[in-house]
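User: Hi! Could you walk me through this model before I head back to the bench?

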Number of protein chains: 2
Amino acid sequence: MSEILSLWNETPAKKAILNYVNAITNPDNADFVPEAERIAIMDNDGTMWVEKPAYIQIFFAIERLKQLAEADPELLNQPGFKAAVTGDMAYFFKLDPHTGGSVKELMKIIFDSHAGMSQDNFMLIAKEFLKTARHPRFGVLFKDLTYKPMVELVRYLGNNGFKVFLASGGGMSFMRTVSEEIYNIPRERVIGSNIAFETRLTDEGPVVFRKLGLVDPIDDGPGKPVNIELHIGRKPILAAGNSDGDLHMLWLAQKSGHRSLSLLLRHDDAKREYAYDEGSEKTLQMAEERGWVVISMKDDWKTVF
Amino acid sequence: MSEILSLWNETPAKKAILNYVNAITNPDNADFVPEAERIAIMDNDGTMWVEKPAYIQIFFAIERLKQLAEADPELLNQPGFKAAVTGDMAYFFKLDPHTGGSVKELMKIIFDSHAGMSQDNFMLIAKEFLKTARHPRFGVLFKDLTYKPMVELVRYLGNNGFKVFLASGGGMSFMRTVSEEIYNIPRERVIGSNIAFETRLTDEGPVVFRKLGLVDPIDDGPGKPVNIELHIGRKPILAAGNSDGDLHMLWLAQKSGHRSLSLLLRHDDAKREYAYDEGSEKTLQMAEERGWVVISMKDDWKTVF
């Protein structure tokens with residue numbers, strides 16, 4: 001058993017995961033689940049990679065806001081542009097849903113910053129950003145700040161016939177530029193919040209552009225089951241999240257008609273990562289009531305990054 | 001070569017498909033495409049199964065309109081309900097995009113008929129409908145009226161490392177109830193037009209409901225590249241369609257950056273199926289200009305159903 005989930009300590013959380021996967025993949029077990037229905041869904045920010053001091057996509061949006069304001073100084077009259085140019089990070093941090101901000105408001109700023117460009121161009125610059133941008137505290141590339149035990153879990157589930165999807169509250173396309181490289185999750189299995197798209201038929205053929213405006217609902221809270229229905233058409237049997245934005249999704253797994261596993265990652269490791277329960281209170285309480293497995297970053301993981 | 005695409009005659013269309021797949025799957029070929037980028041997209045109505053005398057989902061909607069009118073006779077003041085109850089099929093046939101109707105108008109009638117119910121309930125009754133409903137001309141189950149050479153093509157592509165997606169102008173969820181059974185295409189690879197969803201948090205957990213109203217854009221014409229971006233995040237290298245609603249999608253394949261194959265199925269077989277070019281004129285012309293392969297149902301297929 002030592003090589004399976006090798007980055008996890010031998011604690012009840014690991015045991016619960018192994019027991020679950022062993023049961024539902026064993027054709028002789030009453031809880032066996034056919035492969036087509038082995039759907040796993042993982043939240044992204046704070047579940048698969050770091051979300052502090054702010055969603056990584058915020059740093060990408062700030063770059064863009066700066067560029068736009070340089071080209072058109074009139075924009076500095078708008079608080080978001082001004083904060084980006086003056087380096088007023090507190091402006092962006094206070095939009096964080098974990099400190100009372102609204103994911104929707106946050107995503108609007110993020111999406112507006114790249115509205116009007118072609119999707120191909122967006123994907124290109126997002127990928128470029130993630131190639132070089134570094135985390136302010138850890139000093140390494142953002143894309144290296146994935147939680148390695150979770151990446152290991154994704155691979156383990158894939159090896160056991162699961163289709164593993166990402167359900168990001170952040171932007172779908174932003175994550176698709178790196179999901180294959182950092183998580184081994186193919187693009188088409190990345191779900192997230194969205195800007196609206198439109199096709200323009202040019203002389204060189206159809207081109208997809210990013211329109212101004214969020215697609216409703218954003219992929220957070222009650223929006224997660226909606227987007228799971230849209231992108232998968234089946235309820236997950238395994239779900240992992242870390243905040244109240246994942247509550248609906250974690251509960252949804254218990255409605256799949258199969259034995260399910262809902263995992264709630266708790267950030268309790270100020271030394272190796274961060275410690276915060278703000279924005280996760282309801283879900284931590286629900287975990288207790290509904291038998292969800294709480295993963296302690298501090299106790300259950302041998303390593304974080 | 002005889003067992004590959006065994007339902008296809010030895011004509012240029014079959015040869016073009018085999019040549020293409022052999023080239024892009026051969027690592028020694030300059031046109032080799034890595035598996036992650038082998039995306040194929042197939043239109044549904046008229047490309048994978050019969051769409052005459054009307055989209056199959058229309059017959060499903062009519063059943064529902066009848067039930068609703070029975071419960072509330074006031075509804076008979078609305079033309080759609082009246083046509084359903086009186087069996088005025090001409091009312092529905094004239095909405096067909098191949099005879100000058102609007103896919104959007106058609107989908108609105110279809111979707112409105114099932115608004116307000118839970119998605120689970122919708123999936124259940126759609127599946128039930130397709131278990132028993134029969135085609136008015138051929139007398140067999142609708143779901144048996146798939147084009148067997150196309151189903152064979154889907155399997156052949158899958159065996160060659162393609163991820164094959166369905167892009168239906170009709171309803172996404174309706175097709176997901178049978179896509180695995182009739183096409184061997186998993187639910188999460190079925191794209192289509194959509195009613196809006198919403199999550200309601202009940203005492204028993206989250207439930208997804210169908211809301212009144214189409215999601216914009218519907219999955220037709222310029223809406224197809226939009227939904228391909230949303231559900232896949234990559235351009236297809238192979239696309240198959242049969243009408244002007246597929247024009248953007250067929251052209252999109254040529255923008256993938258790889259050697260591509262665009263297939264246009266022509267309905268020219270009044271004896272075994274139907275013969276009609278109405279609603280496909282632009283795309284037939286474009287096929288000639290842009291080197292798309294036109295499949296003749298009559299000449300290229302040994303069998304249809």
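Analyst: Happy to; we can take the domains, the pairing of the chains and the nonpolar cores in turn. Keep in mind that this is a predicted model.

User: Thanks! How is chain A divided?

Analyst: Chain A has domain 1, made of 12-52 + 141-300, and domain 2, made of 56-132. Their C-alpha centres lie 24 Å apart. Where they touch, domain 1 of chain A gives 26 residues and domain 2 of chain A gives 24 residues.

User: Which element gives the largest share of the domain 1 side in chain A?

Analyst: That's β5(A), with seven residues. The elements that each supply at least two residues to that side are β2 (163-171), α8 (172-176), β4 (195-202) and β5 (205-214) of chain A. By class, the domain 1 side that touches domain 2 in chain A has 12 nonpolar, nine polar and five charged residues.

User: OK, switching topic. What turn lays chain A on chain B?

Analyst: A turn of 180°, with a shift of 0.0 Å along the axis, and the RMSD is 0.0 Å. The two copies are thus related as by a two-fold rotation axis.

User: And which residue of chain A comes closest to that axis?

Analyst: His231(A), whose C-alpha is at 3.3 Å from the rotation axis.

User: How many residues are in contact between the chains?

Analyst: There are 31 residues of chain A in contact with 31 residues of chain B. On the chain A side, two or more residues come from each of α8, β4, β5, α10 (223-231) and α11 (247-252). The largest share there is from α10(A), which gives five residues. Sorted by class, the chain A side has 14 nonpolar, nine polar and eight charged residues.

User: Why do you say the copies meet through the same surface?

Analyst: Because 100% of the interface residues of chain A are also interface residues in chain B.

User: Neat. Last topic: in the largest nonpolar core, which residues touch the most other members?

Analyst: Of its 80 residues, those are Ala40(B), Ile41(B), Met42(B), Phe165(B) and Leu166(B). Domain 1 (12-51 + 146-300) and domain 2 (56-132) of chain B both contribute residues, so this core lies between them.

User: What does Ile41(B) touch?

Analyst: Leaving out residues up to four places away in sequence, Ile41(B) touches Phe165(B), Ala167(B), Ile228(B), Pro236(B), Ala239(B) and Met249(B). There is also a second, separate core of 79 residues, including Val164(A), Leu238(A), Leu263(A) and Ile295(A).

Conventions: Residues numbered from 1 in each chain as written. Chains lettered and ligands numbered in written order. Predicted model: local features only at pLDDT ≥ 70, side-chain atom pairs only at ≥ 80, totals over all residues. Core = buried A, V, L, I, M, F, W, Y, C linked by C-beta atoms within 7 Å. Buried ≥ 20, exposed ≤ 12 C-beta atoms within 10 Å, placed from the backbone. Domains from an automatic or database assignment. Contact = placed C-beta atoms within 7 Å. Helix = DSSP H or I, 4+ residues; strand = E, 2+ residues; numbered from the N terminus. Nonpolar A, V, L, I, M, F, W, Y, C, P; charged D, E, K, R; others polar. Least-squares fit on C-alpha atoms with pLDDT ≥ 70 in both.
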